[in-house]
Amino acid sequence: MNAVFVIICEEMPVSGTYPASCNESFWTNERDAWTELDRIAWMNGYVLPAREDCFYLENEPDKYEYREYRIEEHEMKGEKF
């Protein structure tokens, strides 16, 4: 099985529309993905507890109800080159 770990950012606008999400980055192992998620949290003034793979920011209340960052593991299908 080939896995990829994706850091996803999901934003819920205060306007009440649907949340928007984007893929922040892709990693081949969970440790590197967590290290990057921890860096994103730290840059936003948040300390990410060990083994946490999700956190919420509320630093732009005039734009977003919340901004969620999380790690998701996805299986890659297909043949290797």
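Modeller: Let's begin with a yardstick: a residue is buried under 20% relative accessible area, exposed over 50%, and partly exposed in between. We will apply it to a predicted model.

Biologist: Happy to. Why does Cys54 count as partly exposed?

Modeller: Its relative accessibility is 22%. Buried would need a value under 20% and exposed one over 50%, so Cys54 belongs in between.

Biologist: And what makes Lys77 exposed?

Modeller: Lys77 has a relative accessible area of 75%, and the cut-off for exposed is over 50%, so the label follows. This lysine sits in the segment after β4. Its C-alpha is 9.0 Å from that of Ala3, although 74 residues separate the two in sequence.

Biologist: Back to the cysteines. How many disulfides does the structure hold?

Modeller: The count is 0.

Biologist: How do you know that Cys22 is too far from Cys9 for a bond?

Modeller: A disulfide needs sulfur atoms within 2.5 Å; the sulfur of Cys22 is 4.9 Å from that of Cys9, its closest cysteine sulfur, so there is no bond. Cys54 is in no disulfide either, as its nearest cysteine sulfur, again in Cys9, is 11 Å away. Cys22 is partly exposed as well, at 38% relative accessible area.

Biologist: On to the rings. How many aromatic pairs are there?

Modeller: There are 3 aromatic pairs. One of them joins Tyr46 and Phe55.

Biologist: What makes the pair of Tyr46 and Phe55 stacked?

Modeller: Their centres are 5.2 Å apart, inside the 6.5 Å limit for a pair, and their planes differ by 15°, under the 30 degrees required for stacked, so both conditions are met. The two partners are not equally accessible: Tyr46 is partly exposed at 31%, whereas Phe55 is buried at 1%.

Biologist: Then why is the pair of Tyr56 and Tyr66 called edge-to-face?

Modeller: The angle settles it: the planes stand at 75°, over the 60 degrees needed, and the centres are 5.8 Å apart, within 6.5 Å, so the pair is edge-to-face. This pair links distant parts of the chain, with Tyr56 in strand β3 (residues 54-57) and Tyr66 in strand β4 (residues 64-76). Tyr56 is partly exposed at 46%, and Tyr66 is partly exposed at 21%.

Biologist: Which residues form the aromatic cluster?

Modeller: Tyr46, Phe55 and Tyr69 form one cluster. Two of these also appear in the largest nonpolar core, namely Phe55 and Tyr69.

Biologist: Which residues make up that largest nonpolar core?

Modeller: It has 12 residues, among them Phe5, Ile7, Cys9, Ala41 and Leu48. The elements giving two or more residues are β1 (2-13), α1 (30-43), β3 and β4, and α1 gives the most, with 4 residues. Leaving aside neighbours within four places in sequence, Ala41 is in contact with Tyr46, Leu48 and Phe55.

Biologist: Now the strands. What makes β2 and β3 edge strands?

Modeller: The 4 strands form an open antiparallel sheet in the order β2-β1-β4-β3. β2 (20-27) and β3 each pair on one side only, and that makes them the edge strands.

Biologist: How do you know that β1 and β4 pair?

Modeller: Pairing asks for at least two bridges, and β1 and β4 have 12, in the antiparallel sense. Cys9 stands opposite Tyr69 in β4, and both residues are in the largest nonpolar core.

Note on methods
Residues are numbered from 1 along each chain as its sequence is written. This is a predicted model: local features need pLDDT of at least 70, side-chain atom pairs count only at pLDDT 80 or more; totals for chains, interfaces and linings use all residues. Side-chain values use heavy atoms; hydrogens and water are left out. Buried means under 20% relative accessible area, exposed over 50%, partly exposed in between (1.4 Å probe, protein chains only). Rings of Phe, Tyr and Trp (its six-membered ring) pair if their centres lie within 6.5 Å; planes under 30 degrees apart count as stacked, over 60 as edge-to-face and the rest as tilted. A nonpolar core is a set of buried Ala, Val, Leu, Ile, Met, Phe, Trp, Tyr and Cys residues joined through side-chain atoms within 4.5 Å. Contact means heavy atoms within 4.5 Å.
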